[in-house]
Amino acid sequence: MTKQYVTYKRGSDFKESLKSFFKRKKVYVTAVDQVSFEIEEGDIVGILGPNGAGKSTTIKMLAGTLYPSSGDVRVMDYDPNRERVQYVKKMGAVFGQKSQLIFDIPPVDSFRLNKAIYDISDAEYNERLKELTELLELGDKINRPTRVLSLGERMKCEFIMAMLHNPQIVFLDEPTIGLDVISKRNVWKFIKEMNKKGTTFILTTHDLEDVEELVDNVIIINNGKKVFDDSLDNLRKNLGNKKIVEISLNQPINDAEQLNMKGTKLLETHDTSTLRMEVDVDITPITACISELSSRYGFTDISIKELPMEKIIRHIYTEG
């Protein structure tokens, strides 16, 4: 699918501004450029990319709020634009920067509005609302005016709005933006529970904790083009099968730069009692690395971590 926008160019001075009043020059901006992918039922998929890459535009085309300039979009065998009435009954959306709640009334009144819109029976509504409020630990907070709720509580209510009609697929556009650690963990737990029950989630986010905690597969879009579409494990291997090894030494050393171990690269540290390195385990297995280190140094602690997700993503953004 491709999405193009038309904007108009105008100059900055008075003469150019006056000229553009009578004749404006069109400028075509391609937000999404021939992006193709398939997502399996029951997946949690992350769509990543820098600001302006085309992530939100992609989500909005999948949700049916934007139509593609060219290409074909099918979700659950529906065309999100041409079969919108049937389609929206089976999909939900949470946009971190756009609320569905009415600010001056309690969330429960907004829920009743959605009950009427989606024609949910009384029994199903009561059962579903009870299940969701218990899972999100909201209690009677849904009876307070939306304006007095915290950001985390409002975001939980946004999820109830999106999930009341039991959609098969839910689109999340930066759902944890601005949330504290505890609120984020509650949201993660909720998404995982709903996914276990069969709901498919497609999310965009800049928060790499969301990615590491939730997603199975990752699609990366940069400058409107798809540059990666694979599992999270294979994303980690984009820079090779590498680990970060950090050891706390018994005493400070000055010759760390002379480590000279195959497949390793020393990383900068300001603590002379800590040795931190990147190890390519395809060249030097972790067991061999630890054995070599223990023969050279005495140490009190050791940690082995994955490459930081931020470094991997940054590499793909800049290098392709």
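**Note on pockets, a cavity and two helix contacts**

1. Start with the second largest pocket. β5 (169-173) and β6 (200-204) each supply at least two residues of its lining. The model is predicted, and the values below are computed from it.

2. The second largest pocket holds about 510 Å³ of space. Its lining comprises 21 residues. Nearest the centre of this pocket lie E38, I39, R74, V75 and M76. By class, the lining has 11 nonpolar, 4 polar and 6 charged residues.

3. Now the largest pocket. Its space comes to about 650 Å³. There are 32 lining residues, and A63, T65, A93, F95 and K98 are the closest to the centre. Five elements are worth locating in the viewer: α2 (55-63), α3 (84-88), β4 (91-95), α4 and α6 each give two or more residues to this lining. Which element gives the most? That is α2, with 5 residues.

4. The class split of the largest pocket deserves its own point. Its lining divides into 11 nonpolar, 14 polar and 7 charged residues. The lining of the second largest pocket also has 11 nonpolar residues, but there the polar count is 4 and the charged count is 6.

5. Two of the elements lining the largest pocket, α4 and α6, also pack against each other. Helix α4 covers residues 107-117 and helix α6 covers residues 151-163. Their axes lie 9 Å apart, at an angle of about 15°. Are they roughly parallel or roughly antiparallel? Angles under 35 degrees count as roughly parallel, so α4 and α6 are roughly parallel to each other. The crossing of α4 past α6 is right-handed.

6. Which residues make that contact? From α4 come P107, S110, F111 and N114. From α6 come C157, I160 and M161. The contact of α4 with α6 has 5 nonpolar and 2 polar residues, and no charged ones.

7. A second helix pair is α5 (residues 122-135) and α7 (residues 181-196). Their axes come within 10 Å and cross at roughly 140°. Angles over 145 degrees would count as roughly antiparallel; α5 is therefore oblique to α7. On the α5 side, the contact uses R128, E131, L132 and L135. On the α7 side, it uses F190, E193 and M194. By class, this contact has 4 nonpolar and 3 charged residues, with no polar ones.

8. The two helix contacts can be set side by side. The α4 contact with α6 has polar residues but no charged ones. The α5 contact with α7 has charged residues but no polar ones.

9. Last, the interior. How many cavities of 30 Å³ or more does a search of the whole structure find? The search finds 1. About 40 Å³ of space lies in the largest cavity. The lining consists of L135, L136, E137, K156, N186 and K189. These residues divide into 2 nonpolar, 1 polar and 3 charged.

10. L135 is worth a look in the viewer. L135 belongs to the α5 side of the contact with α7, and L135 also lines the largest cavity.

Terms used. Residues are numbered from 1 along each chain as its sequence is written. This is a predicted model: local features need pLDDT of at least 70, side-chain atom pairs count only at pLDDT 80 or more; totals for chains, interfaces and linings use all residues. Side-chain values use heavy atoms; hydrogens and water are left out. Axes are lines fitted to C-alpha atoms, for helices over the stretch in contact, and angles run from 0 to 180 degrees between N-to-C directions. Helices (H or I, at least four residues) and strands (E, at least two) are DSSP runs, numbered from the N terminus. Angles under 35 degrees count as roughly parallel, over 145 as roughly antiparallel, 65 to 115 as roughly perpendicular and the rest as oblique. A crossing is left-handed if the near helix is turned anticlockwise from the far one by less than a right angle, and right-handed if clockwise. Contact means heavy atoms within 4.5 Å. Ala, Val, Leu, Ile, Met, Phe, Trp, Tyr, Cys and Pro count as nonpolar, Asp, Glu, Lys and Arg as charged, and the others, Gly among them, as polar. On a 1 Å grid over the protein atoms alone, a cavity is a set of points where a 1.4 Å probe fits but cannot get out, and a pocket is an open set with protein on both sides within 12 Å along at least five of seven lines; lining residues have an atom within 4 Å of a point. Grid points are joined across faces, edges and corners, and a volume is the space filled by probe spheres set on the points.
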